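I opened my notebook for a first look at this structure. Come along and read over my shoulder.

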Amino acid sequence: SQLGLPENMVSRTSGLLLGLLPLTAAFAPASLLPGLRAASGASSLQACRTPLRAQAPRAAFSRSAALRMQDGEKKEEMVLITGNWQKKSPTEVSSMLAADPDLMYIDVRTEDEYAKGHVADAWNVAAFSISDEGLSPLTGTFMMLVKMHMKDKAAPIVVACASGKRSTAACKWLEDDGFTNLIEMQTGFGGWVQDGLPVEK
């Protein structure tokens, strides 16, 4: 069998495998997944994995939830990215937020960075995780969560990070997916603080 068990043991252990499927699906090495699909059915395995992604609460727009979905996402170096979105200074963004309380401000920094200080009512959706190895893009997670919340791709969205690098990447992902009214805050949250604008913790 694909699981490496003698054929006469597969039928006797199938009930046990099905009973342990939720745990096995979540923690089994990738090399065992084809065998699990053969023994229990791909649809059953998918059903066990899907809730980890689909049922993430609003608070999970953070690094901890995003890390669960970065399997297979490759660590990349930041490269020069250009696009057609607007670029505004922190002072300009502050005025826009004051004029339109419903304007969406997405803070793409990590959960830890966000907790140390953020713009009032900012929505934290991590675009990258940070480790000793550098930045790891969370493109799939980021885009899924934003599209779940932002149904109107023409609605204005402010995107900001710490200094203006990660926000550029996030704007590129959004623009490539059809979002047409993006505003990147230049100099990021660091520039917001430097300009003496209000900060929440």
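**Entry 1: the pocket lining.** I sorted the residues that line the largest pocket and got 11 nonpolar, 1 polar and 3 charged. I kept in mind that this is a predicted model.

I then looked up how much space the largest pocket holds, and the value came to about 260 Å³. Its lining is made of 15 residues, and those nearest the centre are Leu97, Pro101, Val119, Ala120 and Asp121. Two elements, α6 (90-99) and β2 (104-107), give two or more residues to this lining. Which element gives the largest share? I found that α6 does, with 3 residues.

**Entry 2: the open sheet.** Having met β2 at the pocket, I followed the strands next. I found an open sheet of 5 strands with parallel pairing, and I wrote down the order as β1-β7-β6-β2-β3. Which strands stand at the edges? They are β1 (86-88) and β3; each has a single partner strand, so one side of each is left without a neighbour in the sheet.

A reminder I wrote in the margin: strands of a sheet pair through backbone hydrogen bonds, either parallel or antiparallel.

I zoomed in on the β3 edge. Here β2 and β3 run parallel and are joined by 2 bridges. I also looked up the bridge partner of Ile106, and it is Trp123 in β3.

**Entry 3: Asn124.** Staying on strand β3 (residues 123-124), I turned to Asn124, which is found in it. Is Asn124 buried or exposed? Its relative accessibility is 7%, so I noted Asn124 as buried, the cut-off for buried being under 20%.

Next I checked what the side chain of Asn124 has around it. One of its polar atoms lies 3.0 Å from the backbone oxygen of Asp107. For the backbone oxygen of Arg109, I found a polar atom of the Asn124 side chain at 2.9 Å. Asp107 also brings me back to β2, as this strand covers 104-107.

**Entry 4: a hairpin.** My last stop was a pair of strands with the antiparallel sense. Strand β4 (residues 128-131) pairs this way with strand β5 (residues 134-137), over 4 bridges. How many residues lie between β4 and β5 in their hairpin? I counted 2 residues. Across this pairing, I found Ile130 standing opposite Leu135 in β5.

One more margin note before I close the book: in a regular strand the side chains alternate between the two faces of the sheet.

Notes:
Residues numbered from 1 in each chain as written. Predicted model: local features only at pLDDT ≥ 70, side-chain atom pairs only at ≥ 80, totals over all residues. Heavy atoms only, no water. Pairing = 2+ DSSP bridges. 1 Å grid on protein atoms, 1.4 Å probe; cavity = no way out; pocket = protein on both sides within 12 Å on 5 of 7 lines; lining within 4 Å. Points joined across faces, edges and corners; volume = space filled by probe spheres on them. Nonpolar A, V, L, I, M, F, W, Y, C, P; charged D, E, K, R; others polar. Buried < 20%, exposed > 50% of the residue type's maximum accessible area, 1.4 Å probe, protein only. Polar contact = N/O pair within 3.5 Å; in protein donor to acceptor, adjacent residues only side chain to side chain.
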